[in-house]
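The following explanation leads through a structural model, from individual side chains to the chain as a whole. Please keep the sequence and the coordinates at hand while reading.

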Amino acid sequence: MTTAHNKSSGFLVGMGALVAGLVITGWLLGNSSIVQIQPEFASMKFNTALCFLLLGLGISLVNSTKNHLMRGCGISVSIIAIMSLAQWIFGINLHIDNLL
């Protein structure tokens with residue numbers, strides 16, 4: 001990969017993690033204007049923001065020696081995604097949308 005590609009991908013990962021961090025902060029503070037940009041738009045759920053943050057962290061660790069942490073981020077996101085999909089497919093409520 002070229003240096004320009006590394007810089008641009010690093011910037012995009014950083015921006016995604018920043019947005020995720022802001023949304024998580026909005027949920028923790030109870031500030032709906034951070035979580036939901038417009039009243040008619042759907043809000044970003046805490047789990048979604050957490051997954052974005054974990055993916056950003058995992059991607060930023062690709063070239064580091066912390067492979068166990070990178071894998072942990074990926075596995076965590078996969079578990080949340082599988083549980084969300086199972087809720088939708090089977091019509092069950094695992095209460096992962098109400099973690100906060």
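In this predicted model, the sulfur of Cys51 has its closest cysteine sulfur in Cys73, at 11 Å, which is too far for a bond. The same separation applies when the pair is considered from the other side: for the sulfur of Cys73, the closest cysteine sulfur is that of Cys51, again 11 Å away. A disulfide would require the two sulfur atoms to lie within 2.5 Å, and the structure therefore holds 0 disulfides, given that the sulfur of Cys51 is 11 Å from that of Cys73. Both cysteines are shielded from solvent by the protein chain. Cys51 counts as buried, with a relative accessibility of 12%, and Cys73 is likewise buried, at 4%.

The secondary structure provides the frame for these details. The protein chain contains 4 helices and 0 strands, and its pattern along the sequence reads α-α-α-α. Helix 1 spans residues 3-29, helix 3 covers residues 46-60, and helix 4 comprises residues 67-90. The C-alpha atoms occupy a box of roughly 45 × 30 × 20 Å along the principal axes.

Two glycines illustrate how separate parts of the sequence are placed relative to one another. Gly56 belongs to helix 3 and is buried, its relative accessible area being 8%. Its C-alpha atom is 9.1 Å from that of Ala20, although 36 residues separate Gly56 and Ala20 along the chain. Gly74, by contrast, is found in helix 4 and counts as partly exposed, with 30% relative accessibility. Between the C-alpha atoms of Gly74 and Gly58 the distance is 6.7 Å, for a sequence separation of 16 residues.

Attention may now turn to the end of helix 4 and the segment that follows. Is Gln87 buried or exposed? Gln87, a residue of helix 4, is buried because its relative accessible area is 9%, and the limit for a buried residue is under 20%. When residues up to four places away in sequence are left out, Gln87 touches Ile92, Asn93, Leu94, His95, Ile96 and Asp97. One of these residues, His95, also takes part in a polar approach: its backbone nitrogen lies 3.5 Å from a polar atom of the Gln87 side chain.

His95 itself is located in the segment after helix 4. His95 counts as partly exposed, at 49% relative accessibility. The backbone of His95 deserves a separate remark, as its phi angle is near 60 degrees, a positive value in a residue other than glycine.

Asp97 also lies in the segment after helix 4. Besides Gln87, Asp97 touches Asn47, again not counting residues up to four places away in sequence. A further relation links this segment to an earlier part of the chain: Asp97 and Phe46 are 51 residues apart in sequence, while their C-alpha atoms are 7.5 Å apart in space.

The surface offers a complementary view. Which residues form a nonpolar patch there? The patch consists of Phe11, Leu12, Met15, Leu18, Leu22 and Ile34, which together present about 580 Å² of accessible area. Helix 1 makes the greatest contribution to this patch, supplying 5 residues. Phe11, placed in helix 1, is exposed, with a relative accessible area of 53%. That value meets the criterion for an exposed residue, because the limit is over 50%.

Finally, several totals describe the protein chain as a whole. Of its 100 residues, 20% count as buried. The accessible surface amounts to about 7,200 Å², and carbon and sulfur atoms account for 69% of this area. As for contacts between residues at least 6 apart in sequence, 37% join residues at least 24 apart.

Technical notes:
Residues numbered from 1 in each chain as written. Predicted model: local features only at pLDDT ≥ 70, side-chain atom pairs only at ≥ 80, totals over all residues. Heavy atoms only, no water. Patch = residues over 30% accessible without salt bridge, like charges linked within 9 Å, V, L, I, M, F, W, Y side chains within 5 Å. Areas by Shrake-Rupley, 256 points an atom, 1.4 Å probe, with all protein chains shown as cover. Salt bridge = Lys/Arg side-chain N within 4 Å of Asp/Glu carboxyl O. Buried < 20%, exposed > 50% of the residue type's maximum accessible area, 1.4 Å probe, protein only. Polar contact = N/O pair within 3.5 Å; in protein donor to acceptor, adjacent residues only side chain to side chain. Contact = heavy atoms within 4.5 Å.
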